[in-house]
Amino acid sequence: MDTRSRLVRALATPVLFCRQANRLYHRRLGLRECNDAGTDPFEADWDTLVVLDACRYDMFERRSTLPGDLERRRSRASTTVEFLRANVDGRDLRDTVYVTANPQLHQHRESIRAEFADIVDIWSGEGWSEEHGTVLPETMTEAALRANEEYPNKRLVVHYMQPHYPFVGSETDFDGGDFTDPEATEENVWVQLLQGRLDVDREAVWELYDANLDRALPHVERLLREFDGKTVVTADHGNMVGERAFPIPFREWGHPRGVYTPELVDVPWLVHEDGPRRTVDASAPAAASESLDDDVVADRLRDLGYAE
């Protein structure tokens, strides 16, 4: 979205001015491009990095029974694009294969130069669920197991879409529409809540958000059981569910870029070790990215609730 379009949106929705003011505060008036106090996950020691999209630390702590040692870490980002730009751009990651349900790296491939050994876009083909408007967690686990067999000497990043919107783990309806259905509205639930166009209890929203994580956790647990070595489960960023932002204390929803409240950057860091470590080979050249139809990418992002 260009600057003029953003201005038009902000004029129509004054709360966006408040969000922009908070962004300027958190980004020190543009002097920093990310949350530089956060952890660089690619500097850490692991064989497999599982990324749960938009999973808050407090949410994971409440809902997860995954085996391992859990601690709180801070992300360098409040959106997936920021996460990729802060941690991947310009980096030699030929020792790593990125298996992803999220189209953002492909969408921003011209500005985020990621030199992975391979990028496996599960969202681009049969892995995409037209019914749910996302990649289901069981699909991601199967894809990760295949990648593990194909690349036994590479580190793996497995980027699940859940608990990010759309909600696939609950049948809860809101008054005025079923927001478990990606066809029910052109704008996702977070946008409608931010703009005051949806009147629901925060508890009802939390029920959907929690259920999305619950839907994914058994499939992540299967991955932990079947993978040898050291696996870390984390998130690219969190999500706000009606908490007060700062310094302007309005109720914030979703995960706006460049805002680094605890709800947005406090993420889980669960370490699970079992079996022999992986012997990693970084000698293979980076794979060329597949060329995909721009309309397909746009449709996928729209289904996942990303504003154009």
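Trainee: Is Val241 buried or exposed, and what is its relative accessible area?
Mentor: This is a predicted model: local features need pLDDT of at least 70, side-chain atom pairs count only at pLDDT 80 or more, and totals for chains, interfaces and linings use all residues. Buried means under 20% relative accessible area, exposed over 50%, and partly exposed in between (1.4 Å probe, protein chains only). Val241 is therefore buried, at a relative accessible area of 0%.

Trainee: Which strand holds Val241?
Mentor: Residues are numbered from 1 along each chain as its sequence is written, and side-chain values use heavy atoms, with hydrogens and water left out. Strands (E, at least two residues) and helices (H or I, at least four) are DSSP runs, numbered from the N terminus. Residues 240–244 form the run that includes Val241, and that run is strand S7.

Trainee: With which residues is Val241 in contact, leaving aside neighbours within four places in sequence?
Mentor: Contact means heavy atoms within 4.5 Å. Trp206 is 35 residues from Val241 in sequence, yet their C-alpha atoms are 7.4 Å apart. The contacts of Val241 are Arg56, Trp190, Arg202, Val205, Trp206, Tyr209, Glu252 and Trp253.

Trainee: Why is helix H4 largely enclosed by the rest of the structure?
Mentor: H4 covers residues 80–87. Thr80, Val81, Glu82, Phe83, Leu84 and Asn87 are its buried residues. H4 is largely enclosed because the buried residues number six of eight.

Trainee: What covers the buried residues of H4?
Mentor: The cover includes two strands and a helix. Among them are strand S3 (91–100), strand S5 (155–160) and helix H5 (104–107).

Trainee: What is the order of the strands in the open sheet?
Mentor: Two strands pair if DSSP finds at least two bridges between them. The sheet has seven strands, with mixed pairing. Its order is S2-S9-S6-S1-S5-S3-S4.

Trainee: Which strands stand at the edges?
Mentor: A strand with a single partner has one side left without a neighbour in the sheet. Two strands fit, so the edges are S2 (69–74) and S4 (114–121).

Trainee: By how much are neighbouring strands of this sheet turned against each other on average?
Mentor: Axes are lines fitted to C-alpha atoms, for helices over the stretch in contact, and angles run from 0 to 180 degrees between N-to-C directions. For this average, direction is ignored. The value is 20°.

Trainee: How many bridges join S2 to S9?
Mentor: S9 spans residues 266–274, and the two strands run antiparallel. Leu70 stands opposite Leu270 in S9. The number of bridges joining S2 to S9 is six.

Trainee: How far apart are the closest N and O atoms of Arg72 and Asp266?
Mentor: A salt bridge is a side-chain nitrogen of Lys or Arg within 4 Å of a carboxyl oxygen of Asp or Glu. Arg72 in S2 and Asp266 in S9 are 194 residues apart. Arg72 is partly exposed at 47%, whereas Asp266 is buried at 11%. Their salt bridge has its closest N and O atoms at 3.1 Å.

Trainee: Which residues do salt bridges that share partners join into one network?
Mentor: Arg91 and Glu43 meet in a salt bridge of 2.9 Å, N to O. This pair links S3 to the loop between helix H2 (15–26) and strand S1 (48–52), 48 residues apart. Glu43 is exposed, at 61%. The network joins Asp40, Glu43, Arg76 and Arg91.

Trainee: With which residue does Arg32 form a salt bridge?
Mentor: Arg32 is buried, at 13%. Its partner is exposed, at 52%. The closest N and O atoms are 3.0 Å apart, and the partner is Asp36.

Trainee: What is the volume of the largest cavity?
Mentor: On a 1 Å grid over the protein atoms alone, a cavity is a set of points where a 1.4 Å probe fits but cannot get out; lining residues have an atom within 4 Å of a point. Grid points are joined across faces, edges and corners, and a volume is the space filled by probe spheres set on the points. One cavity reaches 30 Å³ or more. The largest has a volume of about 70 Å³.

Trainee: Which elements each supply at least two residues of the lining of the largest cavity?
Mentor: The lining includes Arg73, Phe83, Asn87, Val267 and Trp269. The elements that each supply at least two residues are S2, H4 and S9.

Technical notes
On a 1 Å grid over the protein atoms alone, a cavity is a set of points where a 1.4 Å probe fits but cannot get out, and a pocket is an open set with protein on both sides within 12 Å along at least five of seven lines; lining residues have an atom within 4 Å of a point.
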